[in-house]
Amino acid sequence: STNYTYIIASRPEPAVALITLNRPKALNALCSPLFVELNQALKDLDNDASVGAVVLTGSEKAFAAGADIKEMKDKEFADAYKNRFLEDWADMTKIRKPIIAAVSGYALGGGCELALMCDIILASPTAKFGQPEINLGTIPGGGGSQRLAQLIGKSRAMEMVLTGRMITATEAANWGMISRVVGEGEGEVVKEAIAMASEISSKGQIAVQAGKEVVNAAYELTLAEGLRFERRLFQGLFATNDQKEGMGAFAEKRKPKFTHT
Ligand code: CAA
């Protein structure tokens, strides 16, 4: 497989891929080449039929401390605009397979936004989420203002974006930004995320990907359009072998054997 500089790609289980951000000395600051590698790795995993779900993590100290400030501090508008600075970050939202973020330590700025682009976020009690761009004389540029406003509401999104205050894992859970805080202990959150990815991988993969597609549609479409989209995709799944197997197995009181067809 490919050798990367800024990330480590591994396979803790046959059907589960783990991507570990690997710039520990810079607290996983998201420099441009890191994001190129991340997008490439995710695209490869999306095309790999043996993989059912992906876990994305950082280190114990930092999931990611944001976009690389040193890389961008001298940037000019014309260059940023012409070269579509940060536009490629959103490429990962086109991945069909579920991506679970396992967050320990700092998830700041672009690091918080990276977690928000994943499908499910699990956090260790050490996780700290924040959008501190305001302290740098700027604003979030990787989707934070939009996704936070949708997820946690206007007042809380405003507070995060305008004060730059870091919130705890518990606050993030109470605000509906993440699924839950998992147990203490080094590597606990990654273990939990791998277990969740493993469970997702055991399902029919067409249904899993359709499930991701319909939930994401809720953030893009009106309710009427979204309901129509969901119903149509639900109706369409009657054309799959996995639906016949899943419902047939239930009726026969046995475990389904999905073939992802
Ligand atoms: N970019 C570049 N380098 C970074 C970085 C970042 N976002 N965050 C940390 N680093 C580097 C530090 O410069 C330092 O490098 P050196 O050892 O070469 O000096 C190294 O990582 C360790 O960091 P600290 O010494 O600062 O560690 P600390 O434990 O004292 O503090 C911290 C940790 C509070 C997270 C602090 O590093 C910090 O505030 N980082 C910046 C957070 C931030 O502002 N993020 C938003 C970036 S802008 C953005 O993301 C825009 C967007 O919307 C896309």
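The following conversation goes through the surroundings of the ligand and one helix in a predicted model.

Colleague: Which residues come nearest to the ligand?

Modeller: Among the 25 residues around the ligand, the nearest are Lys 61, Gly 110, Glu 113, Glu 133 and Gly 141.

Colleague: What makes the pair formed by the ligand and the side chain of Glu 133 a polar contact?

Modeller: A polar contact is a pair of N or O atoms within 3.5 Å, and here an oxygen atom of the ligand lies 2.6 Å from an N or O atom in the side chain of Glu 133, so the pair meets that cut-off. The backbone takes part as well, since a polar backbone atom of Gly 110 is 2.8 Å from a ligand oxygen, and a polar backbone atom of Ala 65 is 2.9 Å from a ligand nitrogen. The protein covers 65% of the 980 Å² of accessible area that the ligand has on its own.

Colleague: Which element gives the most to the shell around the ligand?

Modeller: That is α2, with 3 residues, while α2 (69–72), β6 (106–108) and α4 (110–117) each supply at least two. Sorted by class, the shell holds 14 nonpolar, 5 polar and 6 charged residues.

Colleague: How do you know that the span of α8 is close to the expected one?

Modeller: Helix α8 (residues 188–201) has 14 residues, and at 1.5 Å a residue a span of 20 Å is expected, which is close to the 20 Å found from its first C-alpha to its last.

Colleague: Why are the buried residues of α8 said to be on the same side?

Modeller: The buried residues of α8 include Val 189, Ala 193, Ile 194, Ala 197 and Ile 200. The buried set covers an arc of only 165° around the axis, and therefore lies on the same side of α8.

Methods
Residues numbered from 1 in each chain as written. Predicted model: local features only at pLDDT ≥ 70, side-chain atom pairs only at ≥ 80, totals over all residues. Heavy atoms only, no water. Near = heavy atom within 4 Å. Polar contact = N/O pair within 3.5 Å; in protein donor to acceptor, adjacent residues only side chain to side chain. Areas by Shrake-Rupley, 256 points an atom, 1.4 Å probe, with all protein chains shown as cover. Helix = DSSP H or I, 4+ residues; strand = E, 2+ residues; numbered from the N terminus. Nonpolar A, V, L, I, M, F, W, Y, C, P; charged D, E, K, R; others polar. Expected span 1.5 Å × (residues − 1). Buried < 20%, exposed > 50% of the residue type's maximum accessible area, 1.4 Å probe, protein only. Arc of directions from axis to C-beta.
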